[in-house]
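Welcome! Open your viewer, turn on the cartoon view, and follow along stop by stop.

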Amino acid sequence: MKNRDESVALLQQYIENENLRNHCHMVAAAMEAYAHKLDKFHEEVEAWWTAGLLHDLDWEKFPKDHPQKAVEEILPEEGYPEAIINAVEAHAPERTGREPETEIERYLFACDELSGFMNAVSLVRPNGFADMRIKSVTKKLKDSSFAADVPREDIKKGAALIDTELNDHIAFLIEVFKQEAQTE
């Protein structure tokens with residue numbers, strides 16, 4: 001499997017938009033944190049991080065073909081393992097018809113939309129993630145005009161897919177993103 005530097009270089013080759021790159025790094029951090037929480041072996045932690053990092057690899061250059069371009073061409077040609085390719089495919093079941101089934105697939109689905117939404121919440125807060133509370137996120141989830149393009153049903157479905165209460169999922173990701181912000 002490719003190492004992290006190679007995966008980051010691939011991401012940078014396909015994504016120029018800093019906000020989208022940031023989103024991919026956030027999802028990678030969320031996936032890595034969950035892999036550690038679930039006591040995955042090192043190779044699995046790396047696979048989970050990589051799936052998170054590359055899940056939107058083709059979004060900027062090939063939005064109409066997302067994620068098929070990545071899963072049918074880019075990732076296989078680059079030699080990424082089937083588990084990562086399948087997770088990327090299953091993170092967008094409305095586009096691919098593939099529902100998330102394996103653990104890595106379910107967690108990627110669960111982390112994707114919620115990470116993006118939480119980033120949006122952090123941007124309207126004076127201290128970003130530093131003092132974010134669960135209520136900060138749940139209140140914004142109820143406001144359909146806030147980050148209106150984020151499907152709330154996918155956020156709820158994601159928490160159910162990982163058998164976690166939504167508030168617990170939010171709390172876990174707040175801590176992950178708070179730590180990430182402190183290391184930047």
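What pattern does the chain follow, read along the sequence? The answer is α-α-α-α-α-α-α-α-α-α. That fits the count of 10 helices and 0 strands, where helices (H or I, at least four residues) and strands (E, at least two) are DSSP runs numbered from the N terminus.

Before going on, note that this is a predicted model, in which local features need pLDDT of at least 70 and side-chain atom pairs count only at pLDDT 80 or more, while totals for chains, interfaces and linings use all residues. Residues are numbered from 1 along each chain as its sequence is written, and side-chain values use heavy atoms, leaving out hydrogens and water.

**Stop one: the whole chain.** Select every C-alpha atom: they fill a box of roughly 45 × 35 × 30 Å along the principal axes. Next, colour by burial: 47% of the 184 residues count as buried (under 20% relative accessible area, with a 1.4 Å probe and protein chains only).

**Stop two: α1 and α2.** Select residues 4–14 for helix α1 and residues 18–37 for helix α2; they pack at an angle of about 150°, with their axes 11 Å apart. That makes α1 roughly antiparallel to α2 (the term covers angles over 145 degrees, on a scale from 0 to 180).

**Stop three: where they touch.** Show the side chains of Arg-4, Val-8, Leu-11 and Gln-12 on α1, then Arg-21, Cys-24, His-25 and Glu-32 on α2, which make the contact (heavy atoms within 4.5 Å). By class, this contact has 3 nonpolar, 2 polar and 3 charged residues.

Definitions and conventions:
Parallel < 35°, antiparallel > 145°, perpendicular 65-115°, else oblique. Nonpolar A, V, L, I, M, F, W, Y, C, P; charged D, E, K, R; others polar. Buried < 20%, exposed > 50% of the residue type's maximum accessible area, 1.4 Å probe, protein only.
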